[in-house]
Amino acid sequence: MNQQPSVVSERMVLRPLVAKDVPVVQRLARSRKVAYMTHWLFLPHSEQKALRWIDFTAKNFAQRSSVEFAIQLKCGGRMVGLIGLDHINAQDSVAEVWYMLVPTCWPGRPTEHRALTPADYRNRLGGATLGRF
C-alpha cells in the first residue's frame, strides 16, 4: 500500500494531509494553548514550513516510520486537528499516538478516538503494515 488511506468513524474522517490543510497546521503551531499541552518540537509557523511538513508526513508513511492524519468533521467538513502514530517499530510492536485539536474543539471531541481499537485502525488502513499496536 503506497497511498495513505483514510479512517472513517461516525462523526469524523482521519485523512491524509494535503496542501489545503496548511492554515490549520499553522494555527495549531501558533497556538500557545496547544504548544503548552504538547511536546511537538517542529512547529511549522510559516506556510513553506507547513507545506514541507505535510510532504514529510507522506514520505514517513511510505517508509512506514509514522502516519499522520488530518482530523476532519463529517458534518461540515471542517478540519479540526491532527492525529498520528510516530516512532512505529513493528519488531517491538510499539508506536506513539498523539493528537492536537484546535482549542475550540477541546470540550468533548478528544474522546472519540477511543471508540476505535488498534485492530480497527489496522483494518481501516487496509491491512497496511504499520507495525502492531
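## Exercises: a five-strand sheet and its core

The strands here form an open sheet of five, in the order 1-2-3-4-5, with antiparallel pairing. Two strands count as paired if DSSP finds at least two bridges between them. This is a predicted model, where local features need pLDDT of at least 70 and side-chain atom pairs count only at pLDDT 80 or more, while totals for chains, interfaces and linings use all residues. Residues are numbered from 1 along each chain as its sequence is written, and side-chain values use heavy atoms, with hydrogens and water left out.

**Exercise 1. Walk along the protein chain and list its elements.**

Step 1: Get the rules straight. Helices (H or I, at least four residues) and strands (E, at least two) are DSSP runs, numbered from the N terminus.

Step 2: Tally them up. The protein chain has four helices and five strands.

Step 3: Put them in order. From the N terminus on, you should read β-β-α-α-α-β-β-β-α.

**Exercise 2. Find which strands stand at the edges of the sheet, then look at what packs on it.**

Step 1: Check the partners. Strand 1 (7–8) and strand 5 each have a single partner strand, so one side of each is left without a neighbour in the sheet.

Step 2: Look at helix 1. It packs on the sheet and touches strand 4 and strand 5. The direction of helix 1 makes about 80° with that of strand 4; axes are lines fitted to C-alpha atoms, for helices over the stretch in contact, and angles run from 0 to 180 degrees between N-to-C directions.

Step 3: Zoom in on one pair. Strand 2 and strand 3 run antiparallel and are joined by four bridges. Met12 stands opposite Leu73 in strand 3.

**Exercise 3. Describe the largest nonpolar core.**

Step 1: Know what you're hunting for. A nonpolar core is a set of buried Ala, Val, Leu, Ile, Met, Phe, Trp, Tyr and Cys residues joined through side-chain atoms within 4.5 Å. Buried means under 20% relative accessible area, exposed over 50%, and partly exposed in between (1.4 Å probe, protein chains only).

Step 2: Size it up. The largest core has 29 residues, and Leu17 and Leu82 have the most contacts inside it.

Step 3: See who contributes. Among the elements that give two or more residues are helix 1 (22–30), helix 3 (47–63) and strand 4 (79–89). Strand 4 gives the most, with six residues.

Step 4: Follow Leu17. Leaving aside neighbours within four places in sequence, Leu17 is in contact (heavy atoms within 4.5 Å) with residues including Val25, Trp53, Phe69 and Leu82.

**Exercise 4. Compare His87 and Ile88 in strand 4: is each buried or exposed?**

Step 1: Place them. His87 is in strand 4, and Ile88 lies there too.

Step 2: Read the accessibility. Ile88 is buried, at a relative accessible area of 14%, whereas His87 counts as exposed at 57%.

Step 3: Check the backbone. Phi of His87 is near 55°, a positive value in a residue other than glycine.

**Exercise 5. Track down the salt bridge.**

Step 1: Recall the idea. Side chains of opposite charge can pair when their charged atoms come close. The test is a side-chain nitrogen of Lys or Arg within 4 Å of a carboxyl oxygen of Asp or Glu.

Step 2: Search everything. The whole structure yields one salt bridge.

Step 3: Name the partners. Arg15 pairs with Asp21, and their closest N and O atoms are 2.7 Å apart. Both Arg15 and Asp21 are buried.
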